[in-house]
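Biologist: I have some questions about this one before I go back to the bench. Can you put it up and take me through it?

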Amino acid sequence: MIGIPEIFFYIFCALIFGSSLLVVFSYNLLRSAFALFFVLFGIAGFYVLLGGDFLAVIQIMVYAGGINILLIFGTMMTGSISQPETSNPSFQGILTLIGGGGLLLILLIILNHTTWPSQSLIDHGPTTKQIGQLLLRNYILPFEVISFLLVAAMVGAIVLINKGERS
Amino acid sequence: MEAFAVSLGVHIYLVKAIIMFIIAALSVTFMAVISGLTTWFERRIAGRMQSRIGPNRVGPQGLLQFVADAVKLFMKEDLIPKGADRLLFKMSPYLCMIGVFAPFVVLPWGMGIIAADLNVGVLYLISITALVVVGTLMAGWGSNNKWSLLGGMRSAAQIVSYEIPVAMGLLPSILFAGSLSMIGLMNAQGWAPWQWSAFQNPFTMIAFLIFFTGSLAEGNRVPFDLPEAESELVSGFNTEYSGFRFAVYFLAEWANLYVIGALTTAVFLGGGNLPEALQPYWYLSIFLFLLKTFFIMFVIIWLRWTLPRFRIDQLMDLSWKYLLPLSFIAFFGQAVYMLIDHQFPVIDMVTGPIMFLIFLLVLLKFFYRVAINFREQNKTVNTRA
């Protein structure tokens, strides 16, 4: 019998699949960028179904709310945007076909050879506390290294902008 | 209620779906009426502040003005400009509407009264504004209008940059409560003002002010209403909209006002917490919660008709150069405070009342200044006469 989680799983599947097709096949680059928002949103739905409540919210906040918005901004600045009907050619020659096919093959092989730890759609309870403990106790060094890297990247970006403004 | 319906032979999923539908319908209806009434409230206050009357014809004191406005907007023609991206243009109002109504899932109504107490309620509430950003960007691009595009881009840039101070401003309260759920945040506070999270210690007070300023910017309210600066952009991202689609934007804007008020109340101002003796009367808690929320809404409206608008560079400066570092200080300070507080619990008993006392003194000073102003005003009027 199909339970409520499965129904939502198929709803999210449809959302992700439909939006992904739009991202790839839309001739309008900006529509592709907007469709990506729904893909990222649907992935947050998958996280909810896997019991990762904190991760799902962060997915919406960082990917859908932050990165995707910046992507849309960036898309608006691209040169070909003045002809929206043809700004996103979907087929770009034989090389991209090989690249895409190769990626698909690799992903399929990896998917087949991985044993997945959790296959249930059941709620595991709040995860925020465990994530916090893992990050700040077991994996404190990688966490700090990544934070440091991000700060360095941020300072670098500011320096680059300052240089551009002065010249 | 669920068990009763199941015992009658109704399928459990159907019962759950019906209950969810009823709660959702109640929230949306409440919101539509509240945002309608808020338009009237705002226009009356604006009238009073500008020495005019404001809407007072439809219904007692003009109370039904919003019904008349809504009917007028329903009757209007639904225009789509030539050259617009029709799909994006039509989709945008839905996204804005969902983005503003989705927070009602986790907004409390009083002590323990909430549609769904998510574990990550506050984070969900902050992150779901992404829908509004995408909606405004869609409207700005889809309208094929330079003012709309500028308004949409300003709005998105503003919301994305103020999201950070807002989230950081909430962190001290989250630390203090040790929970991300709205009920958890509310229960960590007491009924008395010195038990509220806003008056816990200097750091939560700073965080409260940062959060409030940031939410004004996120809600596109004056002094941060650059996305719809009338003198520059006609009406911002919704310039090309008419009829019901336009009404949806306005509904969303005033619904957002309520969301800001309710979030501030729940996280910083003690929510609907009652003293021990009054706790059996749960409806009092709903009343108290709504009262505080409406007071915050009043303050926001009051600011709108008092302050001039920021320039766009000042707006970004405020967010990145002042609010963000301040919020880091507040977060760090709160963490240190909690460590010290853990060892000497006495501090906790002292700082709350002291902070509240300072707040009261500031309030007294404010009333004193207002009184002086009124007296001076009367004097000049009298001499002229």
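Modeller: Start with Arg43(B), which is partly exposed, at a relative accessible area of 37%. Keep in mind that this is a predicted model.

Biologist: Fine. Which residue does Arg43(B) form a salt bridge with?

Modeller: Asp69(B). The closest N and O atoms of the two are 2.9 Å apart. Arg43(B) is in helix α2 of chain B and Asp69(B) is in helix α3 of chain B, so the salt bridge ties together parts that lie 26 residues apart in sequence.

Biologist: And Asp69(B), buried or exposed?

Modeller: In between: Asp69(B) is partly exposed, with a relative accessible area of 25%.

Biologist: How many salt bridges are there over all chains?

Modeller: Five, from a search of the whole structure. One of them is between the side chains of Asp78(B) and Arg245(B), at 3.1 Å from N to O. Asp78(B) sits in the loop between α3 and α4 (86–101) of chain B, while Arg245(B) belongs to helix α11 (residues 243–267) of chain B. That pair links distant parts of the chain, 167 residues apart.

Biologist: How accessible is Arg245(B)?

Modeller: Arg245(B) has 16% relative accessibility and counts as buried, because the cut-off for buried is under 20%. Its partner Asp78(B) is at 38% and counts as partly exposed.

Biologist: Any other pair worth noting?

Modeller: The side chains of Arg311(B) and Asp313(B) also meet in a salt bridge, at 3.0 Å from N to O. Asp313(B) is partly exposed, with a relative accessible area of 37%.

Biologist: Switching to the two chains. How many salt bridges does the rule find across the interface of chain A and chain B?

Modeller: Zero. The rule also finds zero residue pairs in polar contact across that interface, counting pairs with both residues at pLDDT 80 or more.

Biologist: Then what gives the area buried between chain A and chain B?

Modeller: Carbon and sulfur atoms give 84% of it, out of about 2,400 Å². The residues of chain A that lose the most area to chain B are Arg31(A), Phe34(A) and Met61(A), together 22% of what that side buries.

Biologist: How many residues does the contact take from each chain?

Modeller: 28 residues from chain A and 27 residues from chain B.

Biologist: Which parts of chain A supply its side?

Modeller: On the side of chain A that touches chain B, α2 (29–49) and α3 (53–77) of chain A each supply at least two residues. The largest share comes from α3(A), with 13 residues.

Biologist: What about the surface of chain B? Where is the nonpolar patch?

Modeller: The patch covers about 790 Å² and is made by Val33(B), Leu37(B), Leu63(B), Leu64(B), Val67(B), Val71(B), Phe74(B), Met75(B) and Phe244(B). The elements that give two or more residues to the patch are α2 (12–49) and α3 (65–75) of chain B. α3(B) gives the most, with four residues.

Biologist: Why does Val33(B) get into a surface patch?

Modeller: Val33(B) is partly exposed, with a relative accessible area of 40%, and patch residues need over 30%, so Val33(B) passes that cut-off. Val33(B) is found in helix α2 of chain B.

Biologist: Backbone next. What is phi of Ser51(B)?

Modeller: Near 55°, a positive value in a residue other than glycine. Most residues other than glycine have a negative phi. Ser51(B) is in the loop between α2 and α3 of chain B. Ser51(B) is exposed, with a relative accessible area of 71%.

Biologist: Any others like that?

Modeller: Asn144(B) also has a positive phi, near 55°. Asn144(B) lies in the loop between α6 (130–142) and α7 (146–177) of chain B.

Biologist: Last one. Is Ser327(B) buried or exposed?

Modeller: Buried, with a relative accessible area of 1%. Ser327(B) is found in helix α13 (residues 312–343) of chain B.

Biologist: What lies 2.6 Å from a polar atom of the side chain of Ser327(B)?

Modeller: The backbone oxygen of Leu324(B). Leaving out residues up to four places away in sequence, Ser327(B) touches Met168(B) and Ile210(B).

Conventions
Residues are numbered from 1 along each chain as its sequence is written. Chains are lettered from A and ligands numbered from 1 in the order in which they are written. This is a predicted model: local features need pLDDT of at least 70, side-chain atom pairs count only at pLDDT 80 or more; totals for chains, interfaces and linings use all residues. Side-chain values use heavy atoms; hydrogens and water are left out. Patches are made of residues with over 30% relative accessible area and no salt bridge: like charges are joined within 9 Å, nonpolar side chains (Val, Leu, Ile, Met, Phe, Trp, Tyr) within 5 Å. Accessible areas come from the Shrake-Rupley method with a 1.4 Å probe; for residues, only the protein chains shown count as cover. A salt bridge is a side-chain nitrogen of Lys or Arg within 4 Å of a carboxyl oxygen of Asp or Glu. Buried means under 20% relative accessible area, exposed over 50%, partly exposed in between (1.4 Å probe, protein chains only). Contact means heavy atoms within 4.5 Å. Buried area is the accessible area (1.4 Å probe) that two parts lose on being put together, summed over both. A polar contact is a pair of N or O atoms within 3.5 Å; within protein, one must be able to donate a hydrogen and the other to accept it, and residues adjacent in sequence count only if both atoms are side-chain atoms.
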